[in-house]
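The following exercises are intended for a reader who is new to this structure. Each one sets a task and then works through the solution step by step.

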Amino acid sequence: MGASHSAEAAIIDGKTIASTIRAEIKGEVDALRAKHGKVPGLAVVIVGDRKDSQTYVRMKRKACEEAGIESFHAELPASASEAEVLATVRKFNADARVHGILVQLPLPKGMNEERVLAEISLEKDVDGFHPENIGKLAMKGHEPLFAPCTPKGCVELLKRNGTVLSGKNAVVVGRSNIVGMPAAMLLMKEDCTVTVVHSKTRDPKRICREADVIVAACGSAEMVKKDWVKKGAVIIDVGTNSVDDKTKKAGYRLVGDVDFAEVKKVASAITPVPGGVGPMTIAMLLSNCLDSGKRAIAKA
Ligand SMILES: Nc1nc(=O)c2c([nH]1)NC[C@@H]1CN(c3ccc(C(=O)N[C@@H](CCC(=O)O)C(=O)O)cc3)C=[N+]21
């Protein structure tokens, strides 16, 4: 801890933090089972055979299993019609054992994602993508039933890292419905001064250099460079970009939206990819399922 020369950033270990959270969730699931003889259930709908989607879905199922959350699964071929997907969602809406429904995105081309997601009943929208949940996220005095998992995971990482958020300048890079925009809303709820930079922003580097906290969610490999980052800033990297790498067994490796090797020389703390936000997304999904299960089981 020599204060005289600058150390490299602390690595925020999302994998370990996520596994702590999953153990906490398992404890609560066990308590529900003991008290009510019921556990939360998550239904995952996957359409088509994208390899990355199958990997994520496999990880979600395994995480559910370990936490004692019952998992349901519907796999439809890429040729399935939108009507079939809607019917699958309705079936899970009506199933009392299911407390959360996740339709894995992206859906095959030609399918209307908005329409499919809008079919998920509000009480089971554990992804937090329903317009009413997003709307409440944006409003003072309102709490959504569910906050979207990835942004919630980012804030949880910051909190468990001990980063004080109130009054800090937070810059979110990217404005997607599922990460950038809701991340900005959540950070505002934590009393950050939030700026969102996006593809049309003039001089994003200048704006990022003012940030105490950067959430990088632009989907562009290693876009956030060392000279975008103020000394001592805390960096949350949401990116999962695969880049070809013949030296790897899989033929590719994952890199974030941040130039990790360089940025860690100036930041005070940074999340790695993999092992940062990704595992937290899954932990927050389980957390949302648990909350949903608790609400429904207490009512029953
Ligand atoms: N309805 C819906 N909800 C989602 O939450 C959703 C989705 N669709 N579509 C795709 C994205 C992506 N996503 C990830 C989840 C976990 C990791 C994760 O755990 N990644 C590991 C590495 C995994 C690997 O090695 O491939 C890590 O970062 O350490 C990454 C990405 C959820 N998504």
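**Exercise 1. Determine which residue of β11 stands opposite Val 234, and place the pair in its sheet.**

Step 1. In this predicted model, Val 234 stands opposite Ala 269 in β11.

Step 2. The two strands concerned are β8, residues 234-237, and β11, residues 269-270; they run parallel and are joined by two bridges.

Step 3. Both strands belong to an open sheet of six strands with parallel pairing, in the order β1-β11-β8-β7-β5-β6.

Step 4. The edges of this sheet are β1 (10-11) and β6 (193-197); each has a single partner strand, so one side of each is left without a neighbour in the sheet.

Step 5. Helix α6, residues 149-160, packs on the sheet and touches β7 (213-216) and β8. The direction of α6 makes about 150 degrees with that of β8.

**Exercise 2. Describe the sheet in which Val 45 stands opposite Val 103.**

Step 1. Val 103 is in β4, and four bridges join β2 to β4, which run parallel.

Step 2. The sheet is open and has three strands in the order β3-β2-β4, with parallel pairing. Its edge strands are β3 and β4, each of which pairs on one side only.

Step 3. On average, and with direction ignored, neighbouring strands of this sheet are turned by 15 degrees against each other.

Step 4. Helix α2, residues 51-67, packs on this sheet and touches β2 and β3. Its direction makes about 170 degrees with that of β2.

**Exercise 3. Explain why the buried residues of α3 line one face of the helix.**

Step 1. Helix α3 (residues 82-94) has 13 residues and reaches 19 Å from its first C-alpha to its last, which is close to the 18 Å expected at 1.5 Å a residue.

Step 2. Its buried residues are Val 85, Thr 88, Val 89 and Phe 92.

Step 3. An α-helix has 3.6 residues a turn, so residues three or four places apart point the same way.

Step 4. Viewed down the axis of α3, the buried residues fall within an arc of 95 degrees, and they therefore line one face of the helix.

Step 5. The buried residues of α3 are covered by elements that include β2 (41-47), β3 (70-76), β4 (100-103) and α4 (113-119). On the other side of α3, Ala 83 and Ala 94 are exposed.

**Exercise 4. State how many of the residues of helix α7 are buried, and name what covers them.**

Step 1. Eight of the ten residues of α7 (residues 180-189) are buried, so the helix is largely enclosed by the rest of the structure.

Step 2. The buried residues are Gly 180, Met 181, Pro 182, Ala 183, Ala 184, Met 185, Leu 186 and Leu 187.

Step 3. Their cover includes α5 (131-137), α6, β5 (169-173), β6 and β7.

Step 4. After α7 comes Asp 191, whose phi is positive, near 70 degrees.

**Exercise 5. Decide whether Asp 203 is buried or exposed, and do the same for Glu 222.**

Step 1. The cut-offs are needed here: a residue is buried if 20 or more other C-beta atoms lie within 10 Å of its own, and exposed if 12 or fewer do.

Step 2. Asp 203 has 9 C-beta neighbours inside 10 Å, so it counts as exposed. Asp 203 is found in the loop between β6 and α8 (204-208).

Step 3. Glu 222 has 20 other C-beta atoms within 10 Å and is therefore buried. Glu 222 is placed in the loop between β7 and β8.

Step 4. Most residues other than glycine have a negative phi, and most peptide bonds are trans. Phi is nevertheless positive in Asp 203, near 55 degrees, and in Glu 222, at about 55 degrees.

**Exercise 6. Locate the prolines that cis peptide bonds join to Leu 105 and Val 273.**

Step 1. Leu 105 is joined by a cis peptide bond to Pro 106, with omega about 0 degrees. Pro 106 is found in the loop between β4 and α4.

Step 2. Val 273 is joined by a cis peptide bond to Pro 274, with omega about -5 degrees. Pro 274 is found in the loop between β11 and α10.

How values were computed: Residues numbered from 1 in each chain as written. Predicted model: local features only at pLDDT ≥ 70, side-chain atom pairs only at ≥ 80, totals over all residues. Pairing = 2+ DSSP bridges. Contact = placed C-beta atoms within 7 Å. Axes fitted to C-alpha atoms, helices over the stretch in contact; angles between N-to-C directions. Expected span 1.5 Å × (residues − 1). Arc of directions from axis to C-beta.
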